[in-house]
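Reader: Could you take me through one part of this model up close, the place where two helices pack together, and then follow the salt bridges and the odd backbone spots around it?

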Amino acid sequence: MSLPQRYNRLAIALHWLVAILIGANLILIWSVNSVPDSYVRPMINTHKSIGITVLGLAVLRLLWRLGHAPPPLPTIYQLWERRLSHWAHIGLYVLIFAMPLSGWMHDSAWKAAATHPMYLFGTVPWPRIGWIENLDPVTKESLHGAFGRAHSLLAKVLYVFVVAHILGALKHQFIDREQELQRMLPGK
Ligand code: HEM
């Protein structure tokens with residue numbers, strides 16, 4: 001029996017959904033300083049909703065991954081490339097959890113959180129993290145800054161990992177001439 005050459009449909013759907021949502025979240029936040037004031041709050045609220053959705057999808061991805069081995073890599077890949085790609089994937093898994101969690105923590109420490117309840121996409125009520133929201137105002141204010149800086153720093157790490165991930169995939173596709181992209185694209 002030959003081993004599968006590509007991820008299954010669920011893994012492919014989750015991969016591209018997370019990629020698109022992270023891309024949308026970055027576009028929202030990059031453009032927030034260039035829009036009229038009345039757009040800012042809805043854009044940040046949408047950013048938060050998309051981020052929480054990514055967190056839910058990250059849990060599904062991790063559960064999928066714990067129950068399935070990925071399709072084997074082509075044997076022509078060097079050992080260092082396999083190791084690098086393995087660690088890059090672990091880093092990306094960590095980041096798809098750490099980005100939303102740090103954002104949620106930052107938002108939970110916001111002094112106006114109590115007067116601005118969060119609704120996912122303006123509909124489903126979503127809680128703040130209780131132990132953070134209930135801290136005294138001074139500690140909360142300093143954590144708000146610290147979590148915000150962590151969120152921002154993690155975003156920079158994310159840029160590096162995403163660029164490395166894309167460059168790695170393109171190298172395998174166009175320099176090694178392997179069917180790399182097909183592993184993560186739907187098709188026969
Ligand atoms: C896919 C997940 C997420 C990504 C990729 C992401 C990315 C970013 C980036 C790049 C920034 C700009 C940081 C800077 O100024 O250097 C940011 C800001 C922010 N994020 Fe996220 N984020 C995510 C999830 C979340 C979540 C789940 C929340 C809250 C529930 C959140 C709340 C915020 C807030 C409040 C800001 C500051 C906005 C402002 O006032 O300018 N983020 N995010």
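**A close look at H3 and H5**

Author: Happy to, and bear in mind that this is a predicted model. With H3 and H5 the angle is over 145 degrees, so the two helices count as roughly antiparallel to each other. Here are the numbers behind that: helix H3 covers residues 79-108, helix H5 covers residues 137-175, and they pack at an angle of about 150 degrees with their axes 8 Å apart. As for handedness, the crossing of H3 and H5 is left-handed. If you sort the residues of that contact by type, you get 14 nonpolar, 11 polar and three charged.

Now for the charged side chains. The model has five salt bridges. One of them ties these very helices together: Lys-171 and Glu-81 meet through their side chains, at 2.5 Å from N to O. Lys-171 belongs to helix H5 and Glu-81 to helix H3, so to speak two distant parts of the chain, 90 residues apart, are linked by this pair. The two ends sit in unlike surroundings, if you go by accessibility: Lys-171 is partly exposed, because its relative accessibility is 28%, while Glu-81 is buried, because its value is 8% and the cut-off for buried is under 20%.

Further along H3 there is another one to look at. Asp-107 forms a salt bridge with Arg-128, and their closest N and O atoms are 2.8 Å apart. This pair also links distant parts of the chain: Asp-107 is in helix H3, whereas Arg-128 is in the loop between S2 and helix H4 (130-133), 21 residues apart. Arg-128 counts as buried because its relative accessibility is 10%, and Asp-107 counts as buried as well, because its figure is 6%. Lys-48 comes in here too: salt bridges that share partners join Lys-48, Asp-107 and Arg-128 into one network.

Past these, have a look at Arg-183 and Glu-180. They form a salt bridge as well, with the closest N and O atoms 3.8 Å apart, and both residues are buried.

Next, the backbone. Arg-177 is in the segment after H5, and its phi is positive, about 55 degrees, although it is not a glycine. Arg-177 counts as exposed because its relative accessible area is 69%. Phe-121 is another non-glycine residue with a positive phi, about 50 degrees in this case. You'll find Phe-121 in the loop between strand S1 (118-120) and strand S2 (124-126).

One last stop, if you still have the viewer open: Ile-22, which lies in helix H1 (residues 9-31). Ile-22 counts as buried because its relative accessibility is 17%. Leaving out its neighbours within four places in sequence, Ile-22 is in contact with Val-54, Ile-96 and Leu-158. Two of those take you straight back to the helix pair, since Ile-96 falls within the span of H3 (79-108) and Leu-158 within that of H5 (137-175). Lys-156 is worth picking out as well: Ile-22 and Lys-156 are 134 residues apart in sequence, and in space their C-alpha atoms are 13 Å apart.

Notes:
Residues are numbered from 1 along each chain as its sequence is written. This is a predicted model: local features need pLDDT of at least 70, side-chain atom pairs count only at pLDDT 80 or more; totals for chains, interfaces and linings use all residues. Side-chain values use heavy atoms; hydrogens and water are left out. Helices (H or I, at least four residues) and strands (E, at least two) are DSSP runs, numbered from the N terminus. Buried means under 20% relative accessible area, exposed over 50%, partly exposed in between (1.4 Å probe, protein chains only). Contact means heavy atoms within 4.5 Å. Axes are lines fitted to C-alpha atoms, for helices over the stretch in contact, and angles run from 0 to 180 degrees between N-to-C directions. Angles under 35 degrees count as roughly parallel, over 145 as roughly antiparallel, 65 to 115 as roughly perpendicular and the rest as oblique. A crossing is left-handed if the near helix is turned anticlockwise from the far one by less than a right angle, and right-handed if clockwise. Ala, Val, Leu, Ile, Met, Phe, Trp, Tyr, Cys and Pro count as nonpolar, Asp, Glu, Lys and Arg as charged, and the others, Gly among them, as polar. A salt bridge is a side-chain nitrogen of Lys or Arg within 4 Å of a carboxyl oxygen of Asp or Glu.
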